[in-house]
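Student: I should like to learn how to read the empty spaces inside a protein and the surroundings of a bound molecule. Could the tutor please guide me through one example?

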Amino acid sequence: MSAFPPLNDLKLLRTQAYIDGRWTDGGRPSLDVINPADNCIVGSVPNLDSVAAEQAIDAAARAFPAWSARTGKDRANLMRKWFDLMMANADDLAALMTAEQGKPLIESKGEVTYGASFIEWFAEEAKRVSGDVLASTWTNRRTVVIKQPVGVCAAITPWNFPISMITRKIAPAVAAGCTIVVKPAEQTPLSALALAELAHRAGIPAGVINVVTADADNAVAIGKTLCASTVVRHLSFTGSTPVGRILMEQCAPTVKRIGLELGGHAPFIVFEDADIDAAVKGALASKYRNAGQTCVCTNRFYAHDAIYDEFVRKLAEGAARIKVGNGFDQGVMQGPLIDDAAVEKVERHVSDAIEKGARLLAGGRIHPELGGRFYEPTVLADTRKGMTIMSEETFGPVSAVTRFSNDAEVIAAANDSEFGLASYFYSRDIGRVWRVAEQLQYGMVGINTGAISNEVAPFGGIKQSGMGREGSKYGMDEYLDIKYLCMGGIE
Ligand code: SIN
């Protein structure tokens, strides 16, 4: 077993799936949860299949009539209790997250707060789902719009944010009156199960939230079951664009509503009028958070000729200061990558860039003392189009910096991507700020900041980065159907 701080509440280490308000192992062999820092087993959970997914869908369908009939305020009260329990158990949730995902404890704590904020936000929004009365074109009829929960929902969530990517989907769904089946990533089920335990304690009724655990192979069968079900009316997925395409196709026969938060390849532009120290700070925050394993991480930096040398030098100095290590160790700022395939991808991107002429200014290899999945924070200068890193999502701690000389050239380069999730730029010229913000083909634009995510803002992409928005006042719309009532006979 991996060493991680003993939990204050051992019951949060749940190792069974949660279906219909009950903990179950489904009679299936277990799936080991591995700490990527040391390869030790943190715990084991059931490796369930499509039979369990069907059971979870049935449970969610049975729970739906009563849950959706409650008032928004009633649902909000239970969600508020769930939020309070998350905050009260934040240290334990963070320890579980670091143990199964590897991110530094300080980042895990931040993610618990971030994840809980979606529950708090949508609990408040539950009370504000309102319809409309529209101007009628008839004197004897009224045109009324009501909003109703879509029904049973499904969520397939990733390992990079084991709590917040779940709460960002569950919270609007249950606030709207929907019930939900969640399939967490095979690498990080313990965080999901701890969340379910706290939802249970908060009094959220049986069947409203169900968590089905499985390995990558069974996840395919579970995904197919969720997509093919005529009972499931909405599927939300966060993950890669290739998998998003498959799920979209699988949802077509049942014409399901879908929310997709897919891959990104964020550009980060530093104009010549930028505050360079602020840009370097924002660049480090945007690039190296979660060891670069974030859909909104910068993948391509563009720095103007006039400030290029200063920017790359300061970025390399900043990267070299990042302390790498086991996420439980004091002062660690970057943990391991999630698995060997992630390390191989990073190595491939770095060697391809160097072979094609990039200059290595920091890092560039597996950490010499720590080995394993620990990769040094890396900075490559003089990258250019044609290098793999300029088009493929790296999902690792590597900065690639390209030189540019004018606005039109850099905006064209920034938009030259199939992805359209996040983008960033630094400038102090107000005219340029508006112009560039409007011209960037991305769902989110960070202006003079490298950190954009919070519960109040709409998170989501355009182009092949997906569809739909999570969080914010728009996030609940994904889980609500609009119904038009034509009320006649008003004489
Ligand atoms: C993601 O990487 O998909 C989520 C990142 C965030 O919410 O900031």
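Tutor: We may begin with the ligand. The model is a predicted one, and the residues of the shell around the ligand divide into six nonpolar, three polar and two charged.

Student: Which residues are around the ligand?

Tutor: They are Tyr114, Asn160, Phe161, Met165, Arg168, Arg289, Thr294, Cys295, Val296, Ser453 and Phe459.

Student: Which distances describe the polar side chains beside oxygen atoms of the ligand?

Tutor: One reads such a contact from the distance between two polar atoms. For Arg168, an N or O atom of the side chain is 2.9 Å from an oxygen atom of the ligand. Arg289 places a polar side-chain atom 2.8 Å from a ligand oxygen atom, and for a polar side-chain atom of Ser453 the distance to an oxygen atom of the ligand is 2.5 Å. Of the 260 Å² of accessible area that the ligand has on its own, the protein covers 100%.

Student: How does one find empty space in a model of this kind?

Tutor: Rolling a probe the size of a water molecule over the atoms reveals where empty space remains. In this structure there are five cavities of 30 Å³ or more.

Student: Where does the ligand sit?

Tutor: The ligand occupies the largest cavity, which holds about 120 Å³ of space. This largest cavity is lined by 15 residues, and those closest to its centre are Phe161, Met165, Arg168, Thr294 and Phe459. Each of these five is also listed among the residues around the ligand.

Student: How do the residues of that lining divide by character?

Tutor: The lining of the largest cavity comprises eight nonpolar, four polar and three charged residues.

Student: What is the volume of the second largest cavity, and which residues lie nearest its centre?

Tutor: The volume of the second largest cavity is about 70 Å³. Its lining has 14 residues, and Ser236, Arg469, Glu470, Glu478 and Tyr479 lie nearest the centre. The elements giving two or more residues to this lining are α5 (164-176), β10 (232-238) and β11 (257-261).

Student: Which element gives the most to that lining?

Tutor: That element is β11, with three residues.

Student: How is the lining of the second largest cavity divided between nonpolar, polar and charged residues?

Tutor: It contains four nonpolar, five polar and five charged residues. For the largest cavity, the corresponding division is eight nonpolar, four polar and three charged.

Technical notes
Residues numbered from 1 in each chain as written. Predicted model: local features only at pLDDT ≥ 70, side-chain atom pairs only at ≥ 80, totals over all residues. Heavy atoms only, no water. Near = heavy atom within 4 Å. Polar contact = N/O pair within 3.5 Å; in protein donor to acceptor, adjacent residues only side chain to side chain. Areas by Shrake-Rupley, 256 points an atom, 1.4 Å probe, with all protein chains shown as cover. 1 Å grid on protein atoms, 1.4 Å probe; cavity = no way out; pocket = protein on both sides within 12 Å on 5 of 7 lines; lining within 4 Å. Sits in = over half its atoms within 2 Å of the grid points. Nonpolar A, V, L, I, M, F, W, Y, C, P; charged D, E, K, R; others polar. Points joined across faces, edges and corners; volume = space filled by probe spheres on them. Helix = DSSP H or I, 4+ residues; strand = E, 2+ residues; numbered from the N terminus.
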